[in-house]
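Please read the following alongside the sequence and the coordinates. The paragraphs go through selected parts of the model one at a time.

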Amino acid sequence: MKEVPILLLALIVIVVGCNRIVNVQKNAKGGNMNGRYLVASGGNQAVPFNDDYMSKGHEYFDVYSPEIATHYGEVFWTDQGNNLIPQEIIDRFAGKVMAITGYEQDQVMVYPLDKPGLNPENDVSVPINWAYNHHYMAWMTGNHSKLVKIQNPDPSDVSAHGSPMKWVAVDLPSAKDREYKNVPTSQMFSEGNGGESRKSFHGYPDGFAQLIDSPDKWHITPMQIDTRNRDCGATPQDVHNCTVFTPGDEPRQARYGRGIPKEGAIYSGILECPCNGRFGGDPAIYGPSTKTKYTQHHYALVVEPSCKTPTKSATICFDAVANLGVKATKNVTMVSSSSEVPSGCSVDSESDGLIIVSYNEFKSSKQCSTSSKRTGNLKFSTGVSIKIELSEVSTITLSGPADAWFGVGFNATHMADKPYTLIVNSTGVYKRQIGTCGSEADHCPGTPLKSSIKIVSNTVVDGVRTAVLTRPLKGLTKEHYSFNALNAQINFISAIGSSQVFAYHKVHTTGIIALITSNEPNCICEVGETGMMCDNNGSNCDHFVKNCVPAPAGELLSQRNPTCNSMTYAGGLQCCKHKRIMLDADQPIRPELLRYHMKFRFWFQEYKVVGAKVSHHDLPRIYYQTEAWAGEYDIPPAFALPGKPIPGYNNWPLNTPTPGTKCTGNCPSGDDCECVHTIEFKWTVSNIRLIYAGGHCHAPACIAMELYRNDTGHEMELLCRQVPVFGKGNIKENKYDEAGYIALPPCLWGDDTGLEPSVLLPKNTPMVAIKHNRNTKVGHFGEMASWQMRGVNF
Ligand SMILES: *[C@@H]1O[C@H](CO)[C@@H](O)[C@H](O)[C@H]1NC(C)=O
Ligand SMILES: *[C@@H]1O[C@H](CO)[C@@H](O)[C@H](O)[C@H]1NC(C)=O
Ligand SMILES: *[C@@H]1O[C@H](CO)[C@@H](O)[C@H](O)[C@H]1NC(C)=O
Ligand SMILES: *[C@@H]1O[C@H](CO)[C@@H](O)[C@H](O)[C@H]1NC(C)=O
Ligand SMILES: *[C@@H]1O[C@H](CO)[C@@H](O)[C@H](O)[C@H]1NC(C)=O
Ligand SMILES: *[C@@H]1O[C@H](CO)[C@@H](O)[C@H](O)[C@H]1NC(C)=O
Ligand SMILES: *[C@@H]1O[C@H](CO)[C@@H](O)[C@H](O)[C@H]1NC(C)=O
């Protein structure tokens, strides 16, 4: 058997029935790749369900991903392309339907290094405390489908994990000519899909499967974090070295800055994706001058008598005005109270042309202008300039080169905003809405707009054309720009062409106009702020606001969970992008690579239709998150400690449990103090019958996940309880038993021995999901609490 390639081995198992016996003899645990599994049902944590596929006559084939090679602390998180499944399987199922009854997953080092699958008996499983499988998304496609990357239009669809793009399988045109039109052309595999994956059961009760027509390829996007201390070695020979987890370097923000425990560290703080000194590290840990994270405040000229949020200093005031393109003749800081100047930051444009910017830290009775008579100027770096005067009508003066067209687009910072645009050339002034053709790099001329402008003059002096025009304040249609009395600042883009004929521009630039009332002060206020997360040198900044579901349905916003926006974000996927090193900038990158592959064993049966009876019902995916729809969430430590602030919960007081935390005993310092962090999500489902429900949560703090129905007559009736089975470190007996790492026996329902019967949840059934985590001493970034389920709707 030793030299038989895996494809051949699979073929023998599949084609020659008696080889099942060979396999059973070879592997006393049955044909399962990872040994036996536990299965739950309803509230029961272990039921006597037969998890041994081979004993039920199911067949299998194995697939390996391309190589994953990482450094210590490195994140690997990318799509690994199209990979063929074994040719024998493709041929056997051409034009037929495969019923995938389950699958198993492992991560293995192979020998020879570049030949995964050639000598499977040489495969060495990579311990989960070497390479943490954060999660994976896997697909199988077939002859009638392909995987494509698309823009993710739905903010509550978190399968894109914070990226604007996501992978989906789509039908090819041939899909409509198939024999089994109701059978899917592709399947996705993403249940119990993380650190728990190897020992969590991914199979279905009798008569249920994931059906796929003419399968031929599989795909995987794994997210892996390398946590193997390189002093212990990272080759197959080293699996017996440092079998008690030996942490390597961790960035200061790991474990909320509380450091690696002196004894009994069973997991790496790196697997929680702490933002760090290379990207996104919090000032609470890295000091106020760190460039990795800061708050950007936004200032604007407002048409209001006073500021809701005043600017905080003279410097900020003068800079904010300068950034509006307003050239101050004088910057004045009031040294005593004055009723001539409003409180805070203001600009006064006087009739003699002086522009005075004042910062007044004192209270004042003077109010800012709310007049709609306003004027502003802007000279772009391209040489185009625009002047706007607003009263009962708008008067717009545009000037630029006489030898080509030039134009300005209103309320835009790039072409993709499709702005209302004024174009000037030797024959006149034209309006259009600029378009884009598919992508930003690909400008289209857009559509000409019906005109409401009057040209007052169009003259050329010294090679400079100046056009003066008037236009009503309100635009003709919604494609036309409307001047708004409350909007005293307008962003512009400007471009110059190569000739008089409007076409692709030669140069373009952006600018901003501040519309100021003369002889009256105009208030400059703080109007918002953005949290910026950046590289160590302040570049490559990122910012976001997630679509966290508000109360009473979701709890992340009411608990101020730091995951919801980049201002408070302290750890998780957004700091854990592909190829990032989860270390501080001053921690060296070790050169030794850990090289391995994802390995999946798919179990299947042939799909048969006899009359109106089918051998298997397909199980579509049913997916909800207790952390709706953030895709992840933080479990802060129960208490802030002196000198140990909680990143994400700035200035959290001592001796006060963090939001979501409930404690018993003498807390925070008593030996009997025990704390649990809880989140809850409520939603409704209609006409579904659950067959499989798997929770996804991370080692090592998960206590339980619960799923309830809460309709009349079934108030808070437990449907499924997921309790992790923790590894005890007995890896001599079971290589998957790494201390602290978990398996999650999924809930199954059906007619098989041991299972509770499935129930049809009627229309608008209220559901409640609850997730509990321990957080007495430590917190956890980027935890997950999703319900990865499958079922039918009859
Ligand atoms: C794939 O589909 C095409 C056309 O739909 C068909 O001609 C071909 O035989 C199919 N091949 C397999 C392997 O299913
Ligand atoms: C095994 O680990 C120890 C540290 O515990 C280290 O000194 C030794 O070099 C390692 N062996 C190999 C082969 O890497
Ligand atoms: C006012 O302050 C701004 C921002 O610091 C500066 O750019 C400008 O030159 C100053 N103007 C005068 C006249 O000092
Ligand atoms: C400017 O554009 C934004 C969208 O980019 C829009 O929400 C806003 O209403 C526009 N303002 C005006 C005055 O047209
Ligand atoms: C100026 O632009 C308009 C509108 O695009 C166009 O019809 C006209 O021919 C242009 N003038 C010249 C001299 O090219
Ligand atoms: C900042 O660092 C990144 C990589 O860490 C580098 O690519 C970039 O050039 C640096 N930018 C500046 C302005 O130094
Ligand atoms: C469950 O339903 C009952 C009755 O409608 C309601 O009072 C209770 O608040 C619900 N529980 C939860 C956790 O939503």
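What follows covers two sheets, three ligand sites and a few backbone details. The model is a predicted one.

We begin with a sheet and the helix that lies across it. Five strands form an open sheet in the order 13-28-15-16-14, and their pairing is mixed. Strand 13, residues 293-302, and strand 14, residues 330-333, are at the edges of this sheet; each has a single partner strand, so one side of each has no neighbour in the sheet. On average, neighbouring strands here are turned by 25 degrees against each other, with direction ignored. As background, strands of a sheet pair through backbone hydrogen bonds, in either a parallel or an antiparallel sense.

Within this sheet, one pair can be followed in detail. Strand 15 covers residues 344-349 and strand 16 covers residues 355-360; the two pair in the antiparallel sense over six bridges. To find the register, look for C345, which stands opposite Y359 in strand 16.

Which helix lies across these strands? Helix 5, residues 314-323, lies across strand 13, strand 14, strand 15, strand 16 and strand 28, the last of these being residues 521-533. Relative to strand 16, helix 5 runs at about 150 degrees.

The next stop is ligand 3. Which residues surround ligand 3? They are F318, D319, A328, T329 and N331. By class, this shell has two nonpolar residues, two polar residues and one charged residue. Two side chains of the shell can be picked out by their distances to oxygen atoms of the ligand. A polar side-chain atom of D319 lies 3.0 Å from an oxygen atom of ligand 3, and an N or O atom in the side chain of N331 is 2.3 Å from an oxygen atom of ligand 3. On its own, ligand 3 has 360 Å² of accessible area, and the protein covers 48% of that.

Ligand 2 can be read in the same way. Its surroundings consist of D231, C232, G233, D238, N241 and C242. Sorted by class, the shell around ligand 2 holds two nonpolar, two polar and two charged residues. From N241, a polar side-chain atom lies 2.5 Å from an oxygen atom of ligand 2. Taken alone, ligand 2 exposes 360 Å², of which the protein buries 39%.

For ligand 6, the residues around it are D535, N537 and S539. A polar side-chain atom of N537 lies 2.4 Å from an oxygen atom of ligand 6. How much of the accessible area of ligand 6 does the protein cover? It covers 27% of the 360 Å² that ligand 6 has on its own.

Continuing along the chain, N540 has a backbone feature to note. Phi of N540 is near 55 degrees, a positive value in a residue other than glycine. N540 is placed in the loop between strand 28 and strand 29, the latter being residues 594-606.

The second sheet is also an open one of five strands, here in the order 35-36-44-38-39 and with antiparallel pairing. Strand 35, residues 661-664, and strand 39, residues 717-722, are its edge strands, each pairing on one side only. From one strand to the next, the twist averages 25 degrees.

At one edge of this sheet, strand 35 pairs with strand 36, residues 674-685, in the antiparallel sense over four bridges. The bridge partner of K662 in strand 36 is V676. The loop between strand 35 and strand 36 contains P668. What is the form of the peptide bond from C667 to P668? The bond is cis, with omega near 0 degrees.

A cis peptide bond also runs from Y111 to P112, with omega near 0 degrees. P112 has its place in the loop between strand 5, residues 97-109, and strand 6, residues 124-125.

How values were computed: Residues are numbered from 1 along each chain as its sequence is written. Chains are lettered from A and ligands numbered from 1 in the order in which they are written. This is a predicted model: local features need pLDDT of at least 70, side-chain atom pairs count only at pLDDT 80 or more; totals for chains, interfaces and linings use all residues. Side-chain values use heavy atoms; hydrogens and water are left out. Two strands pair if DSSP finds at least two bridges between them. Axes are lines fitted to C-alpha atoms, for helices over the stretch in contact, and angles run from 0 to 180 degrees between N-to-C directions. Contact means heavy atoms within 4.5 Å. A residue is near a molecule or strand if one of its heavy atoms lies within 4 Å of it. A polar contact is a pair of N or O atoms within 3.5 Å; within protein, one must be able to donate a hydrogen and the other to accept it, and residues adjacent in sequence count only if both atoms are side-chain atoms. Accessible areas come from the Shrake-Rupley method with a 1.4 Å probe; for residues, only the protein chains shown count as cover. Ala, Val, Leu, Ile, Met, Phe, Trp, Tyr, Cys and Pro count as nonpolar, Asp, Glu, Lys and Arg as charged, and the others, Gly among them, as polar.
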